[in-house]
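Thanks for making time this morning. I would like to walk you through one structure, beginning with its surface and overall form and then moving inward.

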Amino acid sequence: MSRADAPAPLDVVQDLVNTWFGRLSGGGDEGLQSPADLARWCRKHGVAVMDEAVTARELELALAVREGLRAALARHNDAAQPVDEAALGKLEEAAPELGLRVSLIDDEPALHPQDGSPVLRMMAALLGAAVPAARDRTWHRLKVCREPRCRAAFYDGSRNASGVWCSMSACGTAAKQRAFVERRRVRNAARRAAGREDHA
Ligand SMILES: [Zn+2]
């Protein structure tokens, strides 16, 4: 089974987080290396922006948003995982540049991006989407893979929302194999220790 996609609008949050993850062509490729990469990513999600319109600062902000989101989503699947405080702190610092305002035009109060460049509005909209998603609990199902070499975002559609790996066949199996090898190592070491005592 491959990674499950989150429902809109969290699918865009997931797609941003997954512009980098450890398994991309086997070696941690960065999908947002340049402002033009970011422009392309925005266009893919329906935001019209020219390559040369995106600034280096906007790329920096987008990466802060991405890694802050990854840190926040990692908390959804594993309390034992260390929290990436540095990434969360960077996002907090970037947040004032990503303005949101409350709108009551629709039935439900909503957060809308304030005026700004297309990229800033898009990043603000992504953060704003977390608030209603947290209310309807879809936010808590958007998680980051527990496998340290992966860290991809996946949507946990399981009945009890207990998934921890992006894919059982890839990361889940690898983790189980490592655990098996580790248990065997501990068992063999204990046996060897017991054998030495027998011969003492
Ligand atoms: Zn994974």
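**Surface, shape and cores**

Let me start at the outside: the accessible surface of the protein comes to about 11,600 Å², and carbon and sulfur atoms account for 55% of that. Please keep in mind throughout that this is a predicted model. On the charged side chains, there are 29 positive and 27 negative ones, with the centres of the two sets lying 11 Å apart.

Turning to the fold, the protein has six helices and four strands, and along the sequence these follow the pattern α-α-α-α-β-β-α-β-β-α. The radius of gyration is 21 Å, whereas the globule rule gives 16 Å for 200 residues, so the protein is more spread out than a compact globule. In keeping with this topic, the C-alpha atoms fill a box of roughly 80 × 40 × 30 Å along the principal axes.

What, then, of the interior? Buried residues make up 38% of the 200 residues, and the largest nonpolar core has 41 residues, of which L16, L38, W41, M123 and W139 touch the most other members. Several elements each give two or more residues to this core, among them α1 (10-17), α2 (35-44), α5 (118-135) and β3 (142-144), but α3 gives the most, with ten residues.

If we look at L38 in particular, and leave aside residues up to four places away in sequence, L38 touches L32, V54, E58, L59, A62, V119 and M123. There is also a second, separate core of ten residues, which includes C150, F154, W165 and A175.

Notes
Residues numbered from 1 in each chain as written. Predicted model: local features only at pLDDT ≥ 70, side-chain atom pairs only at ≥ 80, totals over all residues. Heavy atoms only, no water. Rg over C-alpha atoms; globule rule 2.2 N^0.38 Å. Buried < 20%, exposed > 50% of the residue type's maximum accessible area, 1.4 Å probe, protein only. Areas by Shrake-Rupley, 256 points an atom, 1.4 Å probe, with all protein chains shown as cover. Lys, Arg positive; Asp, Glu negative; His and termini not counted. Charge placed at Lys NZ, Arg CZ, Asp CG, Glu CD. Core = buried A, V, L, I, M, F, W, Y, C linked by side-chain atoms within 4.5 Å. Contact = heavy atoms within 4.5 Å.
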